[in-house]
Number of protein chains: 2
Amino acid sequence: MTLHQLRCFLAAYEEGSLTAAADRLGYAQPSVSEQIRNLEKSLGAPLFRRVGRGVVATTVADDLRPHAERVLAAVEDAQSSVASQVRLETGTIRFGMFGIARLYAGADLVADVLRRHPGVRVELIGTNSTEVTDELRRGRLEAAMIAVPQLESEGLTITPVARDELVYISNDPERLRQPVTARRLSEATLVMPETTFRAVDSVRIILRQMLHETGRNPQTRIEVEDVESAVELVGMGLADAVITKGAAVQLLPRLAPDAGWVSLRPAQHDTLAIVHRRDAILSPAAQLMIELATARIQAIAEPIRAPRPR
Amino acid sequence: MTLHQLRCFLAAYEEGSLTAAADRLGYAQPSVSEQIRNLEKSLGAPLFRRVGRGVVATTVADDLRPHAERVLAAVEDAQSSVASQVRLETGTIRFGMFGIARLYAGADLVADVLRRHPGVRVELIGTNSTEVTDELRRGRLEAAMIAVPQLESEGLTITPVARDELVYISNDPERLRQPVTARRLSEATLVMPETTFRAVDSVRIILRQMLHETGRNPQTRIEVEDVESAVELVGMGLADAVITKGAAVQLLPRLAPDAGWVSLRPAQHDTLAIVHRRDAILSPAAQLMIELATARIQAIAEPIRAPRPR
DNA sequence: CGTCATCACAGGCTGAGCCTATAGGAACTG
DNA sequence: CAGTTCCTATAGGCTCAGCCTGTGATGACG
C-alpha cells in the first residue's frame, strides 16, 4: 500500500470513474487504473466493480475510504508541521549558551526570539563550556555561543564575536587604586567561580597564562560554582575576584554595592565566540540564534568584527 | 513524502543509526541513507546531523516523529480493517433478495449469516425484481436471489436453484375441488399483489403465458402491493389469488385460516435463481450469501440441481 | 596511531510508474 | 437497431526511483 495508491483510490471513489480520477490527478487513465489494480491486489479484495460506464465502489471500498482519508490527513499534518518549523513558526529552537554569555544575553536573547517567532519553544542549553562543546561534538547541539580561551578546537568552527575585559573586583578601595599586575594578583586572596570546571574555565585559563610568566600558580582561597556567589563574597570583604567587566557592571550594584573594579595589567580579555561543528550547514533556527545572540553580546561587550569567512 | 521514507525515518530515529536502521528493515545501508536524504529534501529541512558514529535527530525530526507514527498507524488500521472484511469478520455484506424469495428465506438467511460471522452488517436489498436487476446491472449489487420468469437477461448470469409451484388459493372449498385450468382461471375474481410491478412480476408473467393459450388476458379484481394483503383478502372471501405454494403454506394458516389451495392445470412453477453480472468474480461475501440462500430456499422449495457450470 | 564503525558516493541493475495507442464493452441516441 | 460516445483494460516502450555492491572519507576508540 502506498500513499499514491490511496490518493488514486480516493479520487476514483469520489469521481466514480477512473478516467475522471486520472483527469483530476493529472495522470493518464491507465496509470490510475494500474494503481487501483495494485492496491486491490495488495489488499486481496476488489475495491470497484467495473460496470461499463464508470466504476462502482464495493463495500470494502466504502470501509477503506475513511481510513484512506485519515492516512492522507496525517501526511498533510506531518508536512505542514515541518513546514511551519522551517518557517520558524513552531517547533523547538535549541541553542547552547554557557556561563558569562548567558549571564549577559540569555534572557534578552530568549525574549528577542519569542518576539519574532511567537510559536516556537526555546531551549538554552549548557551548564559549562565543556558540556557545551561536548554536546556540539555529539551533534545534540547545532550551535552555541560560549566563552573560549583558545580559538582552536578539534572538529569545531569557532567564530569570535566579542571580547570582554577581565577586571579585578574588591570591596577594598585601596586595592583598586591602580591596575592589578600579575604579581599582585598572585598575592591576592581570591574567590573564583566555576569550581567544578576550573580546569577548563576560560577566565582561569587566561589567568593561568598571565601568572605563568611570574612563575606562580593562581591560588584561590574560596571556590564557588556561580559568579553571583563569588561577587557576594567579594561584597562581604572575604576575598577579591577576577570576573568579566560585563559581569561586574551587571552584578556589583546589586550584590556588592560597596565593591568596585579595576583593570588588570596587562589587560586581559575573555573571548565570546559562536561555535558549531566544522562544515555544518546551519538551520534557519541556528542562524537566527547566532544573529540575535551576536547582536545582544555586541551591544554589551566589545565587538570583534568577523574576518571574512573563507 | 512516501510511506517508505517514513518507515526508514522512524527506524533511523529509533536506532540512532542508518546502518542499524537498514539492518532492521532488511535493506543495505545506502538505501536507507538515500530514503532519508530524499525525505529531507522534500521537507526542506535536515532531519539528522551526521556525527561520525551514527546520526542525531534534529528538533524537526523530534517533531516529525509522532506524525510519522500516526501516518503508519493509520495505514496499519486501514490494512487490518480491509483484512478483517476479507475474512468476513467485519464490514457489510449486501445481497439482493426480492419478493417471494425474501418471504421464504430472508430472516433465516440473515440469522445464518450473523451466526457464522457475528461482526458483519447485512443488507438485504430489493423491493422488486426490476429494481434488483437494475442494481445488479449498475453494479451496486453484486449478486441476488430473485424469482425470474425467464432464464435469459442481458448481461446477467442466472442460475436457477429452486422452483415453486403456483397454487390457486380460495376461501371457497368448492373452487378447490380440482386443479384450476386456464379457462377457470380466466373467469375467476382475482386479487393480485405486486401491483406497481405488475408488468414484470414473475407470477403474473407466468399466468399471462398460461392464459395466452386461451386467448384471454388475466383480469384482476383487486390490486395490492404485498402478498400478505392479498392472502388476507382471500381469507375474507373477497377474491381468490394465485401465489407460490411456499407462500401459501406459510401465510394461509396465519392470515386466512379458512382458505385452502389447489394446483393449476397444467402445473405452473416460479423459478428462484441466483443472478449476478456475467463473468463477475464473486467476492467471498457474495459466495457465502449465495451458498446460504440456496440452502435455505432448497429446504423450502423444490431444488433444481445446477447444471455443471461451463 | 591503527582499527573499527558509520556514512556518503559511484556505478549498475531491475522494476514501478508513466505515457500513447488501441481494443472491447456498455450506454446513449437518432 | 446501428452509430456514436464514453469508459476500462491491455500492450509496448520509456524513464527514473530504488536497490544492490564496492569503495572512500571521517570520527570514535583503544
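**Exercise 1. Is A:Thr59 buried or exposed, and why?**

*Solution.* Keep in mind throughout that you are looking at a predicted model.

Step 1. Find the residue: A:Thr59 sits in helix H4 of chain A, which covers residues 59-86.

Step 2. Take its relative accessible area, which is 19%. The cut-off for buried is under 20%, so A:Thr59 counts as buried, with its 19%.

Step 3. Look at its surroundings. Setting aside neighbours within four places in sequence, A:Thr59 touches B:Gln85, B:Thr92 and B:Arg94.

**Exercise 2. Work out how many residues each chain brings to the contact between chain A and chain B, and how much area is buried there.**

*Solution.* Step 1. Start with the residues: chain A brings 37 residues to the contact and chain B brings 37 residues.

Step 2. Turn to the area. The size of an interface is often given as the accessible area lost when the parts come together. Between chain A and chain B, about 3,100 Å² is buried, and carbon and sulfur atoms give 64% of that area.

Step 3. See which residues of chain A lose the most area to chain B: they are A:Met1, A:Arg49 and A:Val82, and together they make up 17% of what that side buries.

**Exercise 3. Describe the surface near DNA strand D, from its closest residues to its polar contacts.**

*Solution.* Step 1. Pick out the closest residues. There are 21 residues around DNA strand D, and A:Leu18, A:Thr19, A:Ser33, A:Arg50 and B:Ser31 come nearest. Of the strand's atoms within 4 Å of the protein, 65% belong to sugar and phosphate.

Step 2. Sort the residues by class: 6 are nonpolar, 11 polar and 4 charged.

Step 3. Ask which helices take part. Helix H2 (18-25) and helix H3 (29-43) of chain A, along with helix H3 (29-43) of chain B, each supply at least two residues. H3(B) gives the most, with 5 residues.

Step 4. Follow individual atoms. A polar side-chain atom of A:Thr19 is 2.4 Å from a phosphate oxygen of DNA strand D, and one of A:Ser33 is 2.6 Å from a phosphate oxygen of this strand. The side chain of A:Gln29 has an N or O atom 3.2 Å from a base nitrogen of DNA strand D.

**Exercise 4. Carry out the steps of Exercise 3 for DNA strand C.**

*Solution.* Step 1. DNA strand C has 22 residues around it, and the closest are A:Ala28, B:Leu18, B:Thr19, B:Ser33 and B:Arg50. Sugar and phosphate make up 69% of the strand's atoms within 4 Å of the protein.

Step 2. The classes here are 6 nonpolar, 12 polar and 4 charged residues.

Step 3. H3 of chain A, with helix H2 (18-25) and H3 of chain B, each supply at least two residues, and H3(A) gives the most, with 5.

Step 4. N or O atoms in two side chains lie by phosphate oxygens of DNA strand C: A:Ser31 at 2.7 Å and B:Ser33 at 2.6 Å. B:Gly54 uses a backbone N or O atom, 3.3 Å from a sugar or linking oxygen of the strand.

**Exercise 5. Find the residues of the largest nonpolar core that touch the most other members.**

*Solution.* Step 1. In soluble globular proteins, nonpolar side chains tend to be buried together.

Step 2. The largest core here has 61 residues, and A:Phe9, A:Leu47, B:Phe9, B:Leu47 and B:Phe48 touch the most other members. A separate second core of 47 residues includes A:Ala101, A:Ala162, A:Val224 and A:Ile297.

Step 3. Zoom in on A:Phe9: beyond four places in sequence, its contacts include A:Ile36, A:Leu39, A:Leu47 and A:Phe48.

Terms used. Residues numbered from 1 in each chain as written. Chains lettered and ligands numbered in written order. Predicted model: local features only at pLDDT ≥ 70, side-chain atom pairs only at ≥ 80, totals over all residues. Heavy atoms only, no water. Core = buried A, V, L, I, M, F, W, Y, C linked by side-chain atoms within 4.5 Å. Buried < 20%, exposed > 50% of the residue type's maximum accessible area, 1.4 Å probe, protein only. Contact = heavy atoms within 4.5 Å. Near = heavy atom within 4 Å. Polar contact = N/O pair within 3.5 Å; in protein donor to acceptor, adjacent residues only side chain to side chain. Helix = DSSP H or I, 4+ residues; strand = E, 2+ residues; numbered from the N terminus. Nonpolar A, V, L, I, M, F, W, Y, C, P; charged D, E, K, R; others polar. Buried area = accessible area lost by both parts, 1.4 Å probe.
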